Amino acid sequence: MGNVVDEFITRVYDVVRTNPSGEVADYIPELAAVAPDGFGIAVATGDGHVYEVGDTSVPFTIQSISKPFTYALALADHGVDAVAEKIDVEPSGEPFNEISLDPDTERPRNPMINAGAITAASLVQGANPAEQFERIRALYSRCAGRNLGLDEAVYRSEARTGHRNRAIGYMLRSFGVITDDPDDAVDVYFRQCSIEVTCRDLALMAATLANNGVNPSTRDRVLNPALVERVLSVMTTCGMYDAAGEWVTEVGMPAKSGVGGGVLAVLPGQLGIAVYSPRLDRHGNSVRGVQACRELSRDLELHFL
Ligand code: DON
């Protein structure tokens with residue numbers, strides 16, 4: 001198996017590396033400061049081994065790949081039913097930062113768009129926002145198997161420019177979806193998006209989801225299997241935003257992208273996959289990340305849906 005995985009990821013890396021398309025995110029000034037051509041692929045197996053090629057130890061911010069993990073923490077803190085009263089699980093077909101709620105339910109449509117993610121952040125238990133954030137950081141760290149930190153510069157940049165997310169926070173507060181100070185919820189969300197990871201970290205985080213919530217490297221039981229199942233379902237239908245339909249058709253794995261250039265994909269029971277490449281398509285998904293996952297899915301016959 002080892003040589004096969006090495007061979008495949010190297011082949012996919014060589015093919016996909018030649019794709020120069022896409023643009024680095026620049027709507028948060030600090031995000032524009034990355035090397036646009038960075039590219040890495042990491043695959044973590046059920047025994048905790050990580051196969052790597054390219055820029056797999058370059059740090060970047062997790063951005064929206066944080067959303068499934070904070071959603072998992074909200075589910076662990078409150079249970080599936082209580083969280084479902086606040087956040088639906090329907091694909092929105094809308095861009096990630098749409099300022100909208102489902103008109104019938106007056107809830108965010110899912111936890112992968114910002115409205116649902118900010119709600120999930122608000123639901124994380126803690127006496128104050130600092131404690132909520134610390135619990136979030138601790139959970140991501142256990143999934144990655146090492147202590148993750150915050151990229152202060154990206155956090156400050158996002159906090160300075162994130163007016164649209166503040167608008168979403170106030171909308172949520174006015175509809176009673178958030179019951180506390182919306183600025184606090186949005187600040188926790190900005191911080192979670194600014195947690196720094198590498199491609200290798202994301203592969204282990206994906207493998208923790210693939211392995212029913214147990215980190216395959218540290219053997220730490222981080223999440224309960226029933227919650228992981230729900231998180232993976234939502235990632236399948238909503239993880240790639242308005243491109244989710246195409247993703248399920250072509251790749252078929254639960255996945256999540258972030259504007260920092262990461263893509264995380266999960267083959268349940270088997271593998272965690274991560275790709276890093278900061279050039280994005282118009283949906284905000286990494287161009288080479290999507291392409292690499294499509295190639296890996298085809299080569300390793302991962303397509304199971
Ligand atoms: O603007 C935001 O909400 C970001 N900090 C996170 C967005 C993100 O990663 C969207 N995904 N592709």
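Which residue stands opposite Leu271 in β8? The residue to select is Thr45. The tour returns to that strand after the domains and the ligand have been visited. The model on screen is predicted.

**Stop 1: the two domains**

Colour the chain by its two domains: domain 1 comprises 2–62 + 196–299, and domain 2 comprises 64–193. Their C-alpha centres are 21 Å apart. Select the contact between them next; domain 1 contributes 38 residues and domain 2 contributes 35 residues.

On the domain 1 side, display β5 (196–197), α9 (199–210), α10 (225–238), β6 (255–257) and β7 (262–267), each of which supplies at least two residues to the surface that touches domain 2. Of these, α10 gives the most, with seven residues. Coloured by class, this side of domain 1 shows 19 nonpolar, twelve polar and seven charged residues.

**Stop 2: the ligand**

Centre the view on the ligand. The residues to show around it are Gln63, Ser64, Phe96, Asn97, Asn114, Glu158, Asn165, Cys193, Ser257, Gly258, Val259 and Gly284. Sorted by class, this shell holds eight polar residues, three nonpolar residues and one charged residue.

Why is the ligand placed between the domains? Domain 1 (2–62 + 196–299) and domain 2 (64–193) both give residues to its shell, so the ligand lies between them.

For comparison, select the positions that the unreviewed UniProt entry lists under "binding site": Ser64, Asn114, Glu158, Asn165, Tyr189, Tyr241 and Val259.

**Stop 3: Asn114 and Glu158**

Select Asn114, which is in helix α4 (residues 114–123). Asn114 is part of the shell around the ligand and is also among the UniProt "binding site" positions. Is Asn114 buried or exposed? Asn114 has 26 other C-beta atoms within 10 Å, so it is buried. Leaving aside residues up to four places away in sequence, Asn114 touches Phe96, Asn97, Asn165 and Ile168. Phe96, Asn97 and Asn165 also belong to the ligand shell.

Move to Glu158, in helix α6 (residues 152–161). Glu158 too is in the shell around the ligand, and the UniProt entry includes it under "binding site". With 25 C-beta neighbours inside 10 Å, Glu158 counts as buried. Its contacts, not counting residues up to four places away in sequence, are Ile28, Phe190, Cys193 and Ser194. Cys193 is one of the residues surrounding the ligand.

**Stop 4: from β6 to β7**

Return to domain 1 and select β6 and β7, an antiparallel pair joined by three bridges. Ser257, a member of the ligand shell, stands opposite Val263 in β7. The hairpin of β6 and β7 has four residues between the strands, and Gly261 there takes a positive phi near 110 degrees.

Now isolate β7, where six of its six residues are buried. In a regular strand the side chains alternate between the two faces of the sheet. Here Gly262, Leu264 and Val266 point one way, while Val263, Ala265 and Leu267 point the other way.

**Stop 5: β8 and its two partners**

Add strand β8 (residues 271–276), which pairs with β7 in the antiparallel sense over six bridges. Two bridges can be picked out: Leu264 has Ala274 as its partner, and Val263 has Val275. The hairpin of β7 and β8 has three residues between the strands; Gly269, in the turn, has a positive phi of about 80 degrees.

Six of the six residues of β8 are buried, so β8 is largely enclosed by the rest of the structure. Leu271, Ile273 and Val275 point one way from β8, and Gly272, Ala274 and Tyr276 point the other way.

Strand β2 (residues 40–45) also pairs with β8, antiparallel and over six bridges. The opening pair belongs here: Thr45 stands opposite Leu271 in β8.

**Stop 6: β2 and β3**

Finish by following β2 to β3, to which β2 is joined by five bridges in an antiparallel arrangement. Ala44 stands opposite Val50 in β3. In the hairpin of these two strands, which has four residues between β2 and β3, select Gly48 to find a positive phi near 90 degrees. Strand β3 (residues 50–54) is largely enclosed by the rest of the structure, because five of its five residues are buried.

Note on methods. Residues numbered from 1 in each chain as written. Predicted model: local features only at pLDDT ≥ 70, side-chain atom pairs only at ≥ 80, totals over all residues. Near = placed C-beta within 6 Å. Nonpolar A, V, L, I, M, F, W, Y, C, P; charged D, E, K, R; others polar. Domains from an automatic or database assignment. UniProt positions renumbered as here; feature names shortened; annotations may be inferred. Buried ≥ 20, exposed ≤ 12 C-beta atoms within 10 Å, placed from the backbone. Contact = placed C-beta atoms within 7 Å. Pairing = 2+ DSSP bridges.
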